[in-house]
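User: I am new to this structure. Please walk me through how its labels are justified.
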Amino acid sequence: MSTVASKSYEFSVQDASGTTCTANAWAKVPPALSKPEREALMQRCAELLKAKGAVLVAHYYVDGDLQDLALATGGCVSDSLEMARFGRDHEAQTLVVAGVRFMGETAKILSPEKTVLMPDLDATCSLDLGCPPDEFAAFCDAHPDRTVVVYANTSAAVKARADWMVTSSCALAIVNHLKDQGKKILWAPDKHLGNYIQQQTGADMLLWQGACIVHDEFKGVELDLLRKEHPNAKVLVHPESPTSVVQQADIVGSTSRLLKAVIEGDEGDTFIVATDKGIMHRMRQLAPGKTLIEAPTAGDSAACKSCAHCPWMAMNALQGVVDCLEHGHNAIHVDAETSRKAQGCITRMLDFVAQHPQALVVKDGGRLAGFTPGIGAA
């Protein structure tokens with residue numbers, strides 16, 4: 001089944017001096033499928049997963065069919081923290097990771113003896129692309145007195161240079177922990193998440209100037225207007241969003257945290273959701289009585305008020321699952337030295353979370369509310 005088109009996207013790249021410039025990348029647009037085609041591919045995927053002894057690990061942002069397939073076959077639908085743990089702990093020797101490339105690399109680093117496949121190896125991330133390993137290494141070299149903390153949305157090579165990896169579920173707790181130890185932090189790559197954590201913790205943080213091309217597009221002015229149209233709606237925001245958006249949130253948190261907020265809301269509640277619209281699939285399944293409104297990414301003159309969907313997450317398709325399982329295509333490889341170095345910062349995060357389960361907290365109406373990720377994971 002051929003790809004019908006591709007689109008180009010811009011993202012920011014920073015050098016060691018802190019100068020940012022614009023670069024470009026492209027994403028494939030998978031062909032649309034009829035209902036019989038989708039059903040046939042779903043069945044074929046399920047057969048192959050069973051025959052190969054494989055398990056499908058899917059992110060909340062990928063196509064709903066892939067999420068449904070993962071749950072129906074004993075896999076996992078979750079945020080990147082739970083994806084990392086699930087793949088490591090599952091007995092299957094073949095992992096199919098439906099997400100973006102850094103997620104596949106993380107799975108391989110944690111389970112080097114396992115085969116890790118992806119529906120499309122070209123599915124990447126603007127945060128990953130915007131933090132090239134050589135430039136990042138030079139940035140670290142220029143600030144040797146700082147503890148290096150990187151977001152999960154980075155390459156294996158960048159993680160190999162880091163002291164800690166964090167996800168949006170545990171970043172606040174880990175940075176607070178480092179602050180209490182008197183550490184100064186070098187943070188990469190997302191400037192919005194870094195700024196949010198800096199404001200919440202008061203930590204001394206030097207920020208790489210990267211951004212997610214999806215969350216960076218949410219508009220504070222437009223969100224304010226939308227809130228006035230729906231005064232009783234609760235605003236749910238992922239912390240990769242700009243400050244003008246985060247400041248209007250009732251709840252700021254990871255994808256799992258936002259999903260939990262919808263599930264636990266009262267029947268009939270309305271939520272404005274500022275994250276990738278891929279999460280709406282699982283929200284509607286688990287909270288069918290709630291009203292969900294996509295937060296605005298554009299102004300009045302735009303044809304699309306909210307186009308919040310990662311183009312690289314959208315590259316994951318059922319046909320890609322079939323192809324990688326039938327032919328062993330799209331296997332993730334991380335060289336041994338990079339894997340060894342990167343494993344340290346990932347394992348450090350997972351050990352911290354295991355030892356401090358109360359650490360998975362977010363700001364919730366001025367209160368701290370604990371949450372264990374992975375709601376909806378099978």
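Analyst: Start with a definition: two strands pair if DSSP finds at least two bridges between them. The model is predicted. In it, an open sheet of four strands runs in the order β8-β7-β9-β10, with parallel pairing.

User: What makes β8 and β10 the edge strands?
Analyst: Each pairs on one side only. β8 covers 164–166, and β10 covers 205–207. Neighbouring strands of this sheet are turned by 25° against each other on average, direction ignored.

User: How do you know that β7 and β8 pair?
Analyst: Count the bridges. Pairing needs at least two. Strand β7, residues 147–151, shares three with β8, in the parallel sense. Tyr 151 has Val 166 in β8 as its bridge partner.

User: What packs on that sheet?
Analyst: Helix α8, residues 171–180. Contact means heavy atoms within 4.5 Å. α8 touches β7, β8, β9 and β10. Its direction makes about 150° with that of β8.

User: Why are β13 and β14 called a pair?
Analyst: At least two bridges are required. Four bridges join β13 (residues 270–274) to β14 (residues 291–294), so the two strands count as paired. They run parallel. Val 273 stands opposite Glu 294 in β14.

User: Which way does the crossover from β13 to β14 turn, and why is it called that?
Analyst: The β-α-β crossover is right-handed. The chain goes from β13 through helix α13, residues 280–286, to β14. The label applies because, with the strands pointing away from the viewer, the path over the helix runs clockwise.

User: Why do Cys 304 and Cys 307 count as a disulfide?
Analyst: The cut-off is sulfur atoms within 2.5 Å. Theirs are 2.1 Å apart, so the pair qualifies. A search of the whole structure finds one disulfide.

User: Are Cys 304 and Cys 307 buried or exposed?
Analyst: Neither label fits. Buried means under 20%, exposed over 50%. Cys 304 has 27% relative accessibility, so it counts as partly exposed. Cys 307 has 45%, so it is partly exposed too.

User: Why is Cys 45 not in a disulfide?
Analyst: Its closest cysteine sulfur, in Cys 324, is 8.2 Å away, so a bond is ruled out: that is too far. Cys 45 has a relative accessible area of 0%, so it is buried.

User: What about Cys 170?
Analyst: The closest cysteine sulfur is in Cys 345, at 11 Å. The limit is 2.5 Å. That is too far for a bond, so Cys 170 does not form one with Cys 345. Cys 170 is buried because its relative accessible area is 0%, and buried means under 20%.

Notes. Residues are numbered from 1 along each chain as its sequence is written. This is a predicted model: local features need pLDDT of at least 70, side-chain atom pairs count only at pLDDT 80 or more; totals for chains, interfaces and linings use all residues. Side-chain values use heavy atoms; hydrogens and water are left out. Axes are lines fitted to C-alpha atoms, for helices over the stretch in contact, and angles run from 0 to 180 degrees between N-to-C directions. Buried means under 20% relative accessible area, exposed over 50%, partly exposed in between (1.4 Å probe, protein chains only).
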